[in-house]
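Thank you all for coming, and please have the sequence and the picture open while I talk. I will go through the strands before I come to the helices.

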Amino acid sequence: MKAENYVTVELVSRSYNEGFARSAAACFAAQLDPTLDELGDIKTAVSEAVTNAIVHAYPDELGRIVMKLRLYPDHSLEIVVRDWGVGIPDVDKAREPLYTTGSEERSGMGFTIMESFMDTVKVRSQVGKGTTVTMRKKVSRRMGSRV
């Protein structure tokens with residue numbers, strides 16, 4: 001299925017860019033006329049994915065994060081967050097609740113949160129080459145939806 005609309009945003013891995021990514025995703029998703037709950041789900045999932053890239057992909061340096069957003073005819077949104085950081089040695093382990101490679105203040109719930117708010121979450125990673133998180137959510141059709 002071909003995307004009806006798309007945008008690509010590139011960020012440096014600074015913590016304050018998480019808020020920008022979250023807002024950009026919400027603004028783009030607004031074309032689907034989501035409910036406030038759906039919009040909150042999208043913002044939370046993006047926040048977790050981008051924060052993971054900032055904290056875990058580039059623990060000792062700044063790096064590049066690219067977020068791609070696509071709208072599809074079936075009223076779904078695809079969000080891809082990619083980094084070129086350290087990668088994840090064991091993706092299955094990283095997806096377990098409470099597992100973290102971060103400091104004590106990290107909850108280890110990032111992937112679990114993404115999975116609870118999105119319909120699908122796919123994670124591809126290669127050590128030393130980076131990680132790609134692909135999330136999809138179908139937004140309910142409401143009166144007045146443009147897409």
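Which residue in strand 2 does E10 stand opposite? It is V66 that E10 stands opposite in strand 2. Before I go further, I should say that this is a predicted model, in which local features need pLDDT of at least 70 and side-chain atom pairs count only at pLDDT 80 or more, while totals for chains, interfaces and linings use all residues. Residues are numbered from 1 along each chain as its sequence is written, and side-chain values use heavy atoms, with hydrogens and water left out.

When I say helix or strand, I mean a DSSP run, numbered from the N terminus, of H or I over at least four residues for a helix and of E over at least two for a strand. Two strands pair if DSSP finds at least two bridges between them.

Strand 1 and strand 2 run antiparallel and are joined by 8 bridges. Strand 2 is also joined to strand 3 by 8 bridges, again in the antiparallel sense, and here L69 has I79 in strand 3 as its bridge partner. These two strands, 2 and 3, form a hairpin with 3 residues between them, and H75 in the turn has a positive phi of about 70 degrees.

Further along, strand 4 (residues 120-126) pairs with strand 5 (residues 130-138) over 7 bridges, in the antiparallel sense, and V121 stands opposite M135 in strand 5. Strands 4 and 5 form a hairpin with 3 residues between them, where G128 in the turn has a positive phi of about 80 degrees.

Now to the helices, where I will use the word buried for under 20% relative accessible area, against over 50% for exposed and partly exposed in between, with a 1.4 Å probe and protein chains only. In helix 4 (residues 110-117), the residues G110, F111 and M114 are buried. Seen down the axis of helix 4, its buried residues fall within an arc of 95 degrees (taken from the directions from the helix axis to the C-beta atoms), so they line one face of the helix. They pack against helix 2, helix 3 (91-94), strand 4 and strand 5.

Helix 2 (residues 36-57) contains N52, and N52 counts as buried because its relative accessibility is 18%. Leaving aside residues up to four places away in sequence, N52 touches A57, G110, F111 and M114, where contact means heavy atoms within 4.5 Å.
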